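Me: Please take me through how the strands and helices of this chain are arranged. Start with the terms.

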Amino acid sequence: MKNDANKLGIILEASKLLNSTQDIDYILNFLLKKSLEIIQNSDTGIIFLYDKDLDVLIPKFHLGFHESIQNIRLSPGESMTGLAFSQKETVFLTKIYDINVTMSNMKPENKLLINESLQTKSELKSTICCPLIYRDECIGVIVIDNFENQSVFTKADVDCLEAISAQAAVAINNAKNYTKELQNITKLEKYNKMLEDEKNKYKYSTYLHNKFSSMVLNGCSIDDLIADLSLLIKKDVFVIDLFYNMASSNFEYHINCDILNYNLKDIYSHLNSSSDTRWYDSNLSMYYLFYPIIVNLDTLGWLCIVSKDYDLSELDNITVEKCITSIALEHLKLNELSDLEQTLKGDFLDSLLNNNDKRFLNKCFKKYKFDFNYKCQMIMFEISALCSKRDKNDRKRYIRLIKYYYKIITIKSKKYFSNSIVFIKNDNIIIIYKIDSKDRSIIEKFLEELNNERNSMFLSKYENIVLKAGISNIIECLDNFNQSYNNTIQALNMAKNTKNILHYLFYEDLEIKKFLLSNDLDELKDFVDRTLGNLINYKKVSKNEFMKTLEVYIRSNGSWTYTKDLLHIHGNTLSYRLNKIMKILDVNLDNYKQRLKLQIAFEILDLL
């Protein structure tokens with residue numbers, strides 16, 4: 001009776017503790033310890049809980065077994081434990097034979113795990129497998145075993161374990177519900193935090209949108225936008241324009257212009273017109289992050305950020321996105337202004353051709369600071385490349401090519417001419433400039449420098465670029481402008497008939513071309529053969545450089561200085577080439593008549 005009273009006291013104590021906590025791990029641990037304490041002759045115990053998703057019983061707590069028992073997975077109906085679970089009834093076995101029969105359907109891998117986890121070599125003498133049932137649903141099984149003791153379990157032990165398990169099942173279910181509730185609360189807190197974060201992001205995004213939009217509307221430049229972006233994200237920022245020039249920059253953190261210029265080749269190779277790209281500079285251990293600036297499906301440049309990290313933070317990404325949008329709007333505004341400017345310039349050019357609106361012309365003279373009281377001259381360029389002017393996409397590429405050359409011609413004209421104005425008309429580029437010297441070499445150097453521009457990154461995207469130019473006669477006054485314009489077109493059309501990659505023709509030389517073309521073509525070819533044949537047929541690799549050297553020398557009226565400067569060669573190299581050419585052609589370049597014959601031969605070559 002005293003022993004029964006002790007058991008009852010333990011059961012009551014267990015009941016109070018089981019219902020006083022929501023910690024499922026504590027409940028399982030307490031349940032197993034108290035069960036082994038109450039049931040005499042017990043030496044091992046294990047609690048299994050059912051996993052609905054896997055449809056197996058999984059060990060959660062154990063005593064008297066090696067840790068490897070944690071790997072066992074019992075199916076419903078498998079061995080004594082699975083049988084107690086599927087039948088929802090206690091399995092109580094006290095005979096070794098019955099135990100072995102009941103365990104006979106255990107999977108081999110589970111048998112192996114049982115044998116490995118047992119810390120005794122004694123045979124199982126008795127066992128109680130008590131299901132944990134809540135509202136007619138079995139949620140697990142508690143197993144108490146006897147390996148070492150000779151006495152077996154009794155019916156009283158079974159009643160004791162069932163009493164505890166009934167209370168434990170309720171406690172376990174409550175703990176599970178509590179855990180689910182905690183998980184739901186945690187999820188709700190995360191969700192609320194996400195909502196708050198999204199709300200903050202929206203506020204920040206709205207703030208940035210208003211900030212950058214206000215800057216654009218108030219006349220701030222792309223430089224101002226870049227400076228603000230760099231300050232906000234604490235990183236170096238720069239913009240590469242459509243023509244692969246660095247348009248704006250703000251370097252405060254990691255790099256400078258010298259480092260950037262050193263890396264330009266790698267930077268250009270990683271720019272993509274439709275998607276973000278990355279490049280890692282191993283020398284600096286920095287990432288370059290490239291974002292295309294796209295307006296109406298057209299890429300107008302790239303925003304570039306130098307960062308220690310491969311990716312930006314979420315807020316920095318929002319900042320960059322809003323800044324790119326504002327830069328795109330600014331580009332759009334600048335393009336609209338540029339198109340408007342070209343329209344105004346077109347009206348100005350039309351008025352010059354018609355010479356009919358003196359008031360409008362005077363306004364334009366003041367606006368563009370061009371003085372027609374001085375003698376001036378005109379060059380008309382036509383640019384062609386391997387792209388169709390009719391295809392929509394190719395047409396866009398062609399317009400970009402014209403705009404590129406328009407920009408370059410505008411910049412370089414300021415270097416060579418004291419006063420100039422550049423127009424775009426009918427896909428041609430026209431420059432009108434004040435004549436500061438009658439020396440043609442200035443114009444020729446200007447045209448040669450434009451030819452060297454074909455090595456730029458932007459032009460490398462185009463194939464077979466051909467640049468032709470016609471140069472007008474000297475424009476004495478506005479009354480002669482229309483005639484000079486037509487003369488320039490004639491010179492350009494004649495230049496277009498030549499086969500050289502870059503060729504230009506002065507209108508004043510047009511009469512010579514017309515005179516030459518009036519002769520029989522075979523006679524012209526024969527003259528070239530007699531005059532330049534030995535050099536044209538020269539077998540050595542230096543033939544081309546000899547031909548180029550002689551042509552520049554002859555066309556510059558025998559200017560030794562101009563020739564070496566234009567060809568970028570040393571004076572000794574030029575002297576060597578000229579002496580070698582005179583030997584090949586058997587001519588004296590100091591002889592005027594022989595130089596004249598060579599000049600005529602080169603003029604004929606332009607026409608052939």
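Reply: Two strands count as paired if DSSP finds at least two bridges between them. Helices (H or I, at least four residues) and strands (E, at least two) are DSSP runs numbered from the N terminus. The model is predicted, so local features need pLDDT of at least 70 and side-chain atom pairs pLDDT 80 or more, while totals for chains, interfaces and linings use all residues. Residues are numbered from 1 along each chain as its sequence is written, and side-chain values use heavy atoms, leaving out hydrogens and water.

Me: How many helices and strands does the protein have?
Reply: The elements are counted as DSSP runs. The count comes to 19 helices and 15 strands.

Me: What radius of gyration does the protein have, against that of a compact globule of 608 residues?
Reply: The radius is taken over C-alpha atoms, and the globule rule is 2.2 Å times the number of residues to the power 0.38. The C-alpha atoms fill a box of roughly 145 × 65 × 40 Å along the principal axes. A compact globule of 608 residues would be near 25 Å, but the protein has 47 Å.

Me: Which strands stand at the edges of the open sheet that contains β6?
Reply: The order in this sheet of 5 strands is β7-β6-β10-β9-β8, with antiparallel pairing. An edge strand has a single partner, so one side of it is left without a neighbour in the sheet. The edges are therefore β7 (246–250) and β8 (277–281).

Me: In β10, which residue is the bridge partner of valine 237?
Reply: Strand β6 (residues 236–241) runs antiparallel to strand β10 (residues 298–307), and 6 bridges join them. The bridge partner of valine 237 in β10 is isoleucine 305.

Me: At what angle does helix α9 run to β9?
Reply: Axes are lines fitted to C-alpha atoms, for helices over the stretch in contact, and angles between N-to-C directions run from 0 to 180 degrees. Contact means heavy atoms within 4.5 Å. Helix α9 (residues 314–354) lies across β6, β10 and β9 (286–295), and its angle to β9 is about 45 degrees.

Me: Which helix packs on the open sheet that has the order β2-β1-β5-β4-β3?
Reply: This sheet of 5 strands has antiparallel pairing, and its edge strands, each pairing on one side only, are β2 (56–63) and β3 (91–93). Neighbouring strands are turned by 20 degrees against each other on average, direction ignored. The helix touches β1, β2, β3, β4 (126–134) and β5, with its direction at about 145 degrees to that of β5; it is α3 (residues 79–87).

Me: In the hairpin of β12 and β13, which residue in the turn has a positive phi?
Reply: Strands β12 (residues 420–425) and β13 (residues 428–434) run antiparallel and are joined by 6 bridges; phenylalanine 423 has isoleucine 430 as its bridge partner in β13. The hairpin has 2 residues between the strands, and the residue with a phi of about 55 degrees is asparagine 426.

Me: How are α13 and α14 oriented to each other?
Reply: Angles under 35 degrees count as roughly parallel, over 145 as roughly antiparallel, 65 to 115 as roughly perpendicular and the rest as oblique. Helix α13 (residues 481–496) and helix α14 (residues 510–517) have axes 11 Å apart and pack at about 50 degrees. The two helices are therefore oblique.

Me: How do the residues of the contact of α17 with α18 divide?
Reply: The axes of α17 (residues 560–567) and α18 (residues 571–585) come within 10 Å and cross at roughly 110 degrees, which means that α17 is roughly perpendicular to α18. Trp560, Thr563, Lys564 and Leu567 of α17 meet Gly571, Leu574, Ser575, Arg577 and Leu578 of α18. Ala, Val, Leu, Ile, Met, Phe, Trp, Tyr, Cys and Pro count as nonpolar, Asp, Glu, Lys and Arg as charged, and the others, Gly among them, as polar. The contact divides into 4 nonpolar, 3 polar and 2 charged.

Me: Which residues in α19 do Lys513, Leu516 and Leu517 in α14 meet?
Reply: The axes of α14 and α19 (residues 592–607) come within 10 Å and cross at roughly 75 degrees, so α14 is roughly perpendicular to α19. On the α19 side, the residues met are Ile600, Glu603, Ile604, Asp606 and Leu607.
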